[in-house]
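I opened the notebook on this chain to look up how its strands pair and how one of its helices is placed. The entries follow the order in which I looked.

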Amino acid sequence: MAVPLKWSDLCLTREVGSGQAGTVWVAKLKRAYLRLEKDSQVAVKLFRPWVLEQPGQYERIYRELETGRHVVHPNLVRTLGLVADERSLPALVMEYYDGESLQEYLARNREAGDPIDFDKALDIVAGVAGALKALHDNGIIHRDVKPGNIMLTPSGSILMDLGVVATEHSA
Amino acid sequence: MTTSGIFLGTIRYGSPEYLFGETYDFKVDIYSLGASLYELVTGLEFIAEKNQWARMIARKRIEIEWSWNQGLREALESRVGLNCVEFFRTALDHSLTDSSSRDLDLGDFATAISEKYWRREFHFADGKFHSASPMFEPLGSFENSERTVSIQEIVKELKLNLSHRDVVILRRILHKNYWSDFWITPGGLAYGSLRKAGVFGRSEYDTQGVEFIEFHSAVKYAYQNGLL
């Protein structure tokens, strides 16, 4: 069992996304963790304090962590751990994927009027369908599938954001 | 993402039963995947207008009900090509529908794509069309242009109204493996992307509003009935 990650193991480098609920940063690992080597990049999701005051929010973050940890699929985001940031608020550590979202790709494509790269498009869809199937087979509903949550990486599409997943019986 | 606890997700891609607070299950994901697929394969926005949400509330479900139309067909044809239209129509039909009939099998769908059933590379192996998935019919391709195809017999069996000129063109197209760009309509043949490419000029037939039979279906039918 690997030693769990701590905030001090992370070196935040830049902000890559900002939303209502919080911000996402890219960080470097100061030590090796699981199959990631030292200096690998990871994504860190920080939450706004008011968000954490909402009922059920901690459970939701924990569910995001557990889902991304236990449902393993090449096209599904993997979560690595939960750490307490310098404000003592939870911060979720995930694998980092370099690329653009399908939403960005479609917008760019629409603007330029380009035809889509059709083989690429199909691989995207097949990947997401596979990731969803893996979730469903584990009794989990994603609930927020959209182009903005699909990352296009050189190794395929990744279904992101397990922040609002629900288990089948609780839905 | 909202934190109200009522609706978590994105309105534009949310399924009707989820948006309206009814009971729901894993099928909400299938709907959202369908909505994303819609944008990807048509190049259109799934729910285009900004105030759509308000209108949906006002008019209940009417605005978000899925329906297939000529405009969508054209958008799909220009983006994915004629030979894939039916494949994606099937996927959209089975994902963007009401939850009771929403039955897109994600595993089947992913397999059908990755095994390229719908693509031209699909072989007419062992003299048979193969389909591993009941929902998605494979599109074939004549790899072997030596194969003799009795067009007159297909025409006769399917009661098609083809002119001699159609048959000549059909034979040429079969020989060149272009047949999946071909459509048979009650009014005659329609040359899909070949027409667009300017190979045969404009189609003489009015194809608006008629029931299309994709040519591969006709060939498959003829094959299964021992005509080929």
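How many bridges join strand β3 (residues 41-47) of chain A to β5(A)? Working on a predicted model, I looked up this pair and found that five bridges join the two strands, which run antiparallel. For a single position in β5(A), I noted that M94(A) is the residue opposite A43(A).

I then followed the sheet outward and recorded it as open, with five strands in the order β1-β2-β3-β5-β4 (chain A) and with antiparallel pairing. Its edge strands are β1 (10-18) and β4 of chain A, each of which pairs on one side only. Averaged over neighbouring strands of this sheet and with direction ignored, the turn of one strand against the next is 30 degrees.

Next I turned to helix α2 (residues 57-70) of chain A and checked its length: at 1.5 Å a residue its 14 residues should span 20 Å, and because its end C-alpha atoms are 20 Å apart, the expectation and the model agree. I listed the buried residues of α2(A) as R60(A), I61(A), E64(A), T67(A) and G68(A). They cover an arc of only 130 degrees around the axis, and therefore I place them on the same side of α2(A).

What covers these buried residues of α2(A)? I found that the cover includes β4 (79-84), β5 (90-95) and β7 (140-141) of chain A. On the face of α2(A) turned away from its buried side, I noted the exposed residues E59(A) and H70(A).

Terms used. Residues are numbered from 1 along each chain as its sequence is written. Chains are lettered from A and ligands numbered from 1 in the order in which they are written. This is a predicted model: local features need pLDDT of at least 70, side-chain atom pairs count only at pLDDT 80 or more; totals for chains, interfaces and linings use all residues. Helices (H or I, at least four residues) and strands (E, at least two) are DSSP runs, numbered from the N terminus. The expected span of a helix is 1.5 Å times one less than its number of residues. A residue is buried if 20 or more other C-beta atoms lie within 10 Å of its own, exposed if 12 or fewer, and partly exposed in between; C-beta atoms are placed from the backbone. The arc is that of the directions from the helix axis to the C-beta atoms. Two residues are in contact if their C-beta atoms, placed from the backbone, lie within 7 Å. Two strands pair if DSSP finds at least two bridges between them. Axes are lines fitted to C-alpha atoms, for helices over the stretch in contact, and angles run from 0 to 180 degrees between N-to-C directions.
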